[in-house]
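Here's a quick tour of a protein model, going from its strands out to its domains. Have the structure open as you read.

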Amino acid sequence: MNYITIALAKGRLAKKAMGMLEEIGITCEEMKEPDSRKLIFTNEKLGLKFFLAKANDVPTYVEYGAADIGIVGKDTILEEGRKMYEVLDLNMGKCRMCVAGPESARELLQNGGLIRVATKYPNIAKDYFYNKRHQTVEIIKLNGSIELAPIVGLSEVIVDIVETGATLRENGLAVLEEICPLSARMVVNQVSMKMEHERITGMINGLREVLLKGR
Ligand code: PRP
């Protein structure tokens, strides 16, 4: 039996995803060791390998076939634009991609002026402003704490993930426009889908049943 390799986006999502996989009998005891510095984990019995990677890198591993399956947020899938199959919405890690800023920026945004948009997601921001809103904006790439940008005057608005809305509220910002809903997705390498069709579709169907039960 060939190994099937699953890449998980590091962090909250990985824990939740492993919990869900356990429900269909896919476990990995090795991965639960808290102090381990190991990067790759194996379940010999099931012929599975798991690894944790930076979310942005998960689509890269899957497109190149270094991982057969990936579990990653829709935000990363949209931003990376990799060639792979998105096969299942895991209905977890739900949040929204939004344009946010101070209330005072609402008018600027609606008037279609040349505003600055700070974001960790330049491709999503470009697509939204250029292709959907047909508005020219200046996009400024940041790597985290995006909410700082309008507060310190780096940009008028931001494009970022909003989950509870607490970060925005606590910093005097608000959602100005919603771009799209987000959640964790299962993605599959295009060749693996053919070569390991039975095992991979078995997994997809198992997870689909878990999702239906949870409704
Ligand atoms: C994300 C996002 C927001 C925050 C939204 O940041 O970029 O800042 O979570 O969550 P909320 O609506 O529940 O407040 P993350 O914690 O991933 O860190 P980052 O700022 O480094 O991107």
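## Strand β4 and its partners

Start with β4 and strand β11 (residues 184-188): they run antiparallel, joined by 5 bridges. Strands here are DSSP runs of E, at least two residues long, while helices are runs of H or I with at least four, and both are numbered from the N terminus. Two strands count as paired if DSSP finds at least two bridges between them. Within this pair, Gly70 sits opposite Val187 in β11. β4 also pairs with β1, this time parallel, through 3 bridges. Leu8 has Ile71 in β4 as its bridge partner.

How much of β4 is covered? Across residues 69-73, 5 of 5 are buried, meaning under 20% relative accessible area (exposed is over 50%, partly exposed is in between; 1.4 Å probe, protein chains only). Ile69, Ile71 and Gly73 point one way, Gly70 and Val72 point the other way, and all are buried.

## A word on the model

This is a predicted model, so local features need pLDDT of at least 70 and side-chain atom pairs count only at pLDDT 80 or more, whereas totals for chains, interfaces and linings use all residues. Residues are numbered from 1 along each chain as its sequence is written, and side-chain values use heavy atoms, with hydrogens and water left out.

## The N-terminal end and α9

Asn2 lies in the segment before β1 (4-9). Asn2 is exposed, with a relative accessible area of 54%. Leaving aside neighbours within four places in sequence, Asn2 is in contact (heavy atoms within 4.5 Å) with Gly47, Glu196 and Arg199.

Helix α9 covers residues 197-213, 17 in total. From first C-alpha to last it reaches 24 Å, close to the 24 Å expected at 1.5 Å a residue; that expected span is 1.5 Å times one less than the number of residues. Among the buried residues of α9 are Ile200, Met203, Leu207 and Val210.

## Two domains

An automatic or database domain assignment sets the bounds: domain 1 is 4-93 + 183-213 and domain 2 is 95-180. The contact takes 5 residues from domain 1 and 9 from domain 2. Their C-alpha centres lie 30 Å apart.

About 600 Å² is buried between the domains, with carbon and sulfur atoms giving 48%; this is the accessible area (1.4 Å probe) that the two parts lose on being put together, summed over both. In domain 1, Asp75, Leu78 and Glu79 lose the most area to domain 2, together 74% of what that side buries. The count of salt bridges between the domains is 1, a salt bridge being a side-chain nitrogen of Lys or Arg within 4 Å of a carboxyl oxygen of Asp or Glu. Glu163 forms a salt bridge with Arg12, with the closest N and O atoms 3.6 Å apart.
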